[in-house]
Every structure is written in C-alpha cells, then in structure tokens.
Amino acid sequence: MRKRHWKNRKNRKCPDCSRVIYYTRKDSFDRAVGNNSVCKSCAQTDRKVTMETIEKMKQPKTVEHKRKISYGVQKWWDDKRELDWQRLDPNN
Ligand SMILES: [Zn+2]
C-alpha cells in the first residue's frame with residue numbers, strides 16, 4: 001500500500017541542459033517523461049530558434065504557404081502547451 005512515494009520523485013533532469021525540473025503533479029511528471037520535455041528556459045530557446053527559422057522560411061513563399069506554415073506552428077504550440085512547464089509555479 002505504498003503508492004504515495006511520489007513526494008520525492010517528481011523531478012527529472014532537462015534532457016537539454018541537465019537542469020533539474022521539479023514537478024508539482026504526478027501527471028505532469030509522467031507526461032513530461034513521456035514527451036521528454038525540456039525545462040522552461042530550453043523551451044523558450046527552442047521557441048526563439050523556431051521563430052527565426054520560420055521568418056526565414058516565410059519570405060519567399062506565397063500567402064497560402066504562409067498560412068500553412070503558421071497553422072503548423074500553431075499546432076506545434078498546441079502540442080507544446082500540453083507539456084508541464086506551465087505548471088511549475090511553486091504555488092500551484
Ligand atoms: Zn533545459
């Protein structure tokens with residue numbers, strides 16, 4: 001009956017920078033492990049790089065192409081939003 005040993009286990013290392021990420025919820029933790037998600041600061045770096053890449057990609061394309069790309073980005077962010085780092089607020 002010792003299922004509640006999560007108290008000290010809800011943290012993991014960021015796969016990018018090896019910083020320890022703390023989780024307030026087991027489900028967040030599980031999802032993060034499943035997604036191999038990075039820490040907040042790496043996620044932001046990721047975003048910056050992605051946006052720059054998109055700006056470059058966009059330029060020679062038609063409007064229709066742009067729409068498709070921004071839809072893809074939206075989708076990507078919807079997936080990203082599923083990650084737990086939004087729940088890292090210690091007051092949560
Ligand atoms: Zn990181």
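The following paragraphs go through the predicted model of this chain, from its overall layout to single residues.

The chain holds two strands and three helices. Read from the N terminus, their order is β-β-α-α-α, with both strands ahead of the helices. Of the 92 residues, 11% count as buried. Among contacts between residues at least 6 apart in sequence, 46% join residues at least 24 apart.

Confidence should be kept in view while reading the model. The mean pLDDT of the chain is 77, and 67% of the residues reach 70 or more. By element, strand S1 has the highest confidence, at 94, and helix H3, which spans residues 63-81, has the lowest, at a mean of 72. Where pLDDT is low, the coordinates should not be read in detail.

The largest nonpolar core is made up of six residues: Ile21, Tyr23, Phe29, Ala32, Val38 and Cys39. Ile21 is in contact with another member of this core, Cys39. Leaving aside residues up to four places away in sequence, Ile21 also touches Asn11, Arg12 and Cys14.

Helix H1, residues 26-35, contains the buried residues Ser28, Phe29 and Ala32. Seen down the axis of H1, these buried residues fall within an arc of 100°, so they line one face of the helix. Two of the buried residues, Phe29 and Ala32, are also listed in the largest nonpolar core. Strand S1, residues 11-13, is included in what covers the buried residues of H1. On the other side of the helix, Asp27, Val33 and Gly34 are exposed. After H1 comes Asn36, which has a positive phi, near 55°.

Helix H2 covers residues 40-58, and Met51 is found in it. Is Met51 buried or exposed? Met51 has 11 other C-beta atoms within 10 Å. A residue counts as exposed at 12 or fewer such atoms, and therefore Met51 is exposed. Its C-alpha lies 8.9 Å from the C-alpha of Val73, a residue 22 places away in sequence. Val73 falls within the residue range of H3, 63-81, the element with the lowest confidence in the chain.

In short, the chain runs from two strands into three helices. One face of H1 is lined by buried residues, with S1 among what covers them, while Met51 in H2 is exposed.

How values were computed:
Residues numbered from 1 in each chain as written. Predicted model: local features only at pLDDT ≥ 70, side-chain atom pairs only at ≥ 80, totals over all residues. Helix = DSSP H or I, 4+ residues; strand = E, 2+ residues; numbered from the N terminus. Buried ≥ 20, exposed ≤ 12 C-beta atoms within 10 Å, placed from the backbone. Contact = placed C-beta atoms within 7 Å. Core = buried A, V, L, I, M, F, W, Y, C linked by C-beta atoms within 7 Å. Arc of directions from axis to C-beta. pLDDT = per-residue confidence, 0-100.
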